Amino acid sequence: MEQNYIRQKFQEYYQKNPIEWPPEVSRREFGFGSWEKKIESRHSRFSDYTELKNYLVRNTPFFISYSTAYYEFPDARPMERKNWLKADLVFDLDADQLKLSCLATHTKDFPCDNCLEKIKLEAIKLVEEFLVTDLGFSKDDITINFSGNRGYHVHVFDKKIQKLNADARRELIDYVCGTGLNFDSLFYLNENRLLGPKTNDGGWSGKVANHVINLVRSGSPTLPAKLRKNEEIKNKVITGIANGNWDVVAIPKKQELWKNLLGGVGVALGDKIDQNVTGDVSKLIRLANSLHGETGLIAKIVKDINNFDPLKHATAFGNQEVKVEISNAPKFRIGDQYYGPYNNNTTSLPEVAAIYLICKKRAKLAK
């Protein structure tokens, strides 16, 4: 009964709303998911947008994904017969990968406001600090899509990278994540004074300097007491690092201190991405503006990432009351309203919240 209800609501959505089809749609492979599995079938091809739209209205899968790759024969099988031509570059960022402390207070299938805000900041950082500033991509060739659940997909459609193989794409991942960052290459001693990167340096040098300044400014517990508590010393250190002087204040074992702070710089600064998605030149990724079968939310193209609230701006359904039997669910937010917690409750909820719980298999339609 729940499957039929959700399929009906999804069908209504696809009848009324446009779908964002990818460039050269006829060169893409499509895959579809069911109530139980995100990708249950694949190797499908559509000649144009109308054919794709009609399929969604007629068949209404719970998930729809398309290949980042372009093929000569997208519906051929096995994969070797498709004849790979090129592929877009895609980064998949998921709040679950951040390992935030708030996960101790809730399950990963109910991301909290902190989870969603932190992963949004990672998406912004990936685009602003790496893809545009360091790697030189144009914002016109980049789109940011909410995944429909708890993360973002960043697509790069620049033709210069479409022919890159999997190894070359992993090199890009290594750069973005700071993999193999060499401490010794960033610092040197001049008359026993430690000099290093400045805040206005390009690439990872500038990121390292700004990262440590932020640690000092915030009074990180990883710092010696005098760097945490003495504002005059903190300001001297911040000014010194900004200008490349990492030795402005006497600190015991200074090289060891800074090295330890930078040991996790790839985690602290590098974007949390699913490397299998970026490195896989035949990966299927969720179709923009389609519905996510685990939430009922829209995998929405984000125009204004800074002000985007997925639990408000990616909702697809309204406030018509639906009576449901809820097995269990923590407190959660949809729009501006909080619901729950629930434990074996029968209650009426706005359609948007009821569908959210039903898709998560935490609720059933009340008899």
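These questions and answers cover a three-stranded sheet, a helix pair and two pockets in a predicted model. Local features need pLDDT of at least 70, side-chain atom pairs count only at pLDDT 80 or more, and totals for chains, interfaces and linings use all residues. Residues are numbered from 1 along each chain as its sequence is written, and side-chain values use heavy atoms, with hydrogens and water left out.

Reader: Which strands stand at the edges of the open sheet, each with a single partner strand?
Author: Strands are DSSP runs (E, at least two residues; helices are H or I, at least four), numbered from the N terminus, and two strands pair if DSSP finds at least two bridges between them. The sheet has 3 strands in the order β6-β8-β7, with antiparallel pairing. One side of each edge strand is left without a neighbour in the sheet, because each has a single partner: these are β6 (89-94) and β7 (142-146).

Reader: Which residue in β8 is the bridge partner of Phe-146?
Author: β7 pairs with β8 (residues 151-156) in the antiparallel sense over 5 bridges. In β8, the partner of Phe-146 is Tyr-152.

Reader: At about what angle to β8 does helix α3 run?
Author: Axes are lines fitted to C-alpha atoms, for helices over the stretch in contact (heavy atoms within 4.5 Å). Angles run from 0 to 180 degrees between N-to-C directions. Helix α3 (residues 113-132) lies across β6, β7 and β8, and its angle to β8 is about 20°.

Reader: Are α6 and α8 roughly parallel or roughly antiparallel to each other?
Author: The axes of α6 (residues 203-218) and α8 (residues 231-242) come within 10 Å and cross at roughly 175°. Angles under 35 degrees count as roughly parallel, over 145 as roughly antiparallel, 65 to 115 as roughly perpendicular and the rest as oblique. The two helices are therefore roughly antiparallel.

Reader: Which residues lie closest to the centre of the largest pocket?
Author: A pocket is an open set of points on a 1 Å grid over the protein atoms alone, where a 1.4 Å probe fits, with protein on both sides within 12 Å along at least five of seven lines; lining residues have an atom within 4 Å of a point. β6, β8 and β11 (284-286) each supply at least two residues of the lining. Of the 21 lining residues, the closest to the centre are Lys-38, Asp-92, Asp-94, His-153 and Arg-286.

Reader: What is the volume of the second largest pocket?
Author: α3 and β7 each supply at least two residues of its lining. Grid points are joined across faces, edges and corners, and a volume is the space filled by probe spheres set on the points. For the second largest pocket, this volume is about 290 Å³.
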